[in-house]
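Work through the exercises below with the structure open beside you. Try each task before you read its solution.

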Amino acid sequence: MQRYFVTPEQFNDSTVRIDGEDARHIAKVMRGKAGDKLIVSDGISREALVEIAIIEIGEVTVNILEALEMTHEPRVKITVAQSLPKADKMETVIQKCTEIGAVSFIPFLSERTIVQYDERKESKRLERWRKICKEAAEQAHRNIVPEVSAPLTWKKLLQSFGEFDAVYFCYEKEEGMQLRSAAAPWVSALSPKSSGKVMIVVGPEGGFSPEECLGAEEAGALSVGLGRRILRCETAGMVAAACILYESGEMGGA
């Protein structure tokens with residue numbers, strides 16, 4: 001069933017107003033008509049099965065049929081910090097990791113970042129990333145739309161490590177600790193009803209320098225490997241997120 005995210009202000013007691021691109025999508029792409037059923041969510045605390053009542057230009061009004069429980073979010077809250085990769089790879093990271101279950105994304109600049117970052121284009125790029133994130137969340141039937149932050153400097157990223165319960169620094173030269181060995185006991189130590197905040201740090205095409213690895217460890221991260229094969233930068237975050245959610249029992253089963 002098609003799902004749409006709206007703002008809390010668009011929710012009323014018995015109806016929901018859908019406007020903008022979503023209204024156009026319902027009218028023009030889905031060829032919706034009165035009586036068609038949808039799911040709407042405010043991405044925070046309310047989600048409902050609804051039925052289309054009125055379709056007008058630029059606005060669709062739906063009647064609430066049933067309040068739904070928001071049960072599609074993983075207990076472990078994963079943030080993917082990705083050094084800006086070339087071309088449209090960041091879009092791939094955001095789209096796929098949203099489907100997997102990440103709750104936020106932090107792009108950042110590191111020593112070997114190749115892409116030429118242009119602050120003047122930041123607002124347009126952020127707007128596109130957030131649009132991709134919303135569409136992926138709708139497709140994956142998420143209850144929330146993950147947050148996408150503006151790119152951080154390396155120094156600012158290190159300073160943010162203290163906000164997380166665990167930070168895993170994905171390092172292709174790490175031959176000791178592997179992600180599974182680090183994440184499994186951490187997840188097991190969580191009480192059944194508590195969530196944990198974890199950050200996955202992934203480098204650019206050229207990886208991280210030894211100095212960056214040392215700096216990350218001094219800031220509180222744990223350097224981990226992702227197995228015996230070298231993954232592309234746009235693949236590493238997906239694999240790491242899937243590994244952690246598998247260990248927490250939220251992938252590979254009901």
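**Exercise 1: A strand and its partner**

Strands β9 and β10 pair in the parallel sense, over four bridges. The model is a predicted one.

Task: Find which residue of β10 is the bridge partner of phenylalanine 169. Then sort the residues of β9 by the way they point.

Solution.
Step 1. Go to phenylalanine 169 and look across to β10. The bridge partner there is valine 201.
Step 2. Recall the general rule. In a regular strand, side chains alternate between the two faces of the sheet.
Step 3. Apply the rule to β9. Ala166, Tyr168 and Cys170 point one way, while Val167 and Phe169 point the other way.
Step 4. Check the burial. Buried means under 20% relative accessible area. Five of the five residues of β9 are buried, and the strand is mostly covered.

**Exercise 2: Two sides of a helix**

Task: Where around the axis of α5 do its buried residues lie, and what covers them?

Solution.
Step 1. Mark α5, residues 179–188. Its buried residues are Leu179, Ala182, Ala183, Trp186 and Val187.
Step 2. Look at their directions. They cover an arc of only 115° around the axis, so they sit on the same side of α5.
Step 3. Link this to helix geometry. An α-helix has 3.6 residues a turn, so residues three or four places apart point the same way.
Step 4. Turn to the other side of α5. Arg180 and Ser188 are exposed there. For exposed, the cut-off is over 50%.
Step 5. Find the cover. The buried residues of α5 are covered by elements including β9 (166–170), β10 (197–202), β11 (222–224) and α7 (233–247).

**Exercise 3: Two pockets**

Task: Describe the largest pocket and the second largest pocket. What are their volumes, and which residues lie closest to their centres?

Solution.
Step 1. Start with the largest pocket. Its volume is about 600 Å³.
Step 2. Go to its lining of 28 residues. Nearest the centre lie Phe5, Asp22, Lys134, Glu138 and Val145. The elements that give two or more residues to this lining are β1 (3–5), β2 (15–19), α1 (20–29) and α3 (122–139).
Step 3. Sort this lining by class. It has nine nonpolar, eight polar and 11 charged residues.
Step 4. Move to the second largest pocket, with about 400 Å³ of space. Of its 25 lining residues, Cys170, Tyr171, Glu172, Ile230 and Leu231 are the closest to its centre.
Step 5. Find the largest share of this second lining. It comes from α7, with three residues.
Step 6. Sort the second lining too. It divides into nine nonpolar, six polar and 10 charged residues.

How values were computed:
Residues are numbered from 1 along each chain as its sequence is written. This is a predicted model: local features need pLDDT of at least 70, side-chain atom pairs count only at pLDDT 80 or more; totals for chains, interfaces and linings use all residues. Side-chain values use heavy atoms; hydrogens and water are left out. Buried means under 20% relative accessible area, exposed over 50%, partly exposed in between (1.4 Å probe, protein chains only). The arc is that of the directions from the helix axis to the C-beta atoms. Contact means heavy atoms within 4.5 Å. On a 1 Å grid over the protein atoms alone, a cavity is a set of points where a 1.4 Å probe fits but cannot get out, and a pocket is an open set with protein on both sides within 12 Å along at least five of seven lines; lining residues have an atom within 4 Å of a point. Grid points are joined across faces, edges and corners, and a volume is the space filled by probe spheres set on the points. Ala, Val, Leu, Ile, Met, Phe, Trp, Tyr, Cys and Pro count as nonpolar, Asp, Glu, Lys and Arg as charged, and the others, Gly among them, as polar. Two strands pair if DSSP finds at least two bridges between them.
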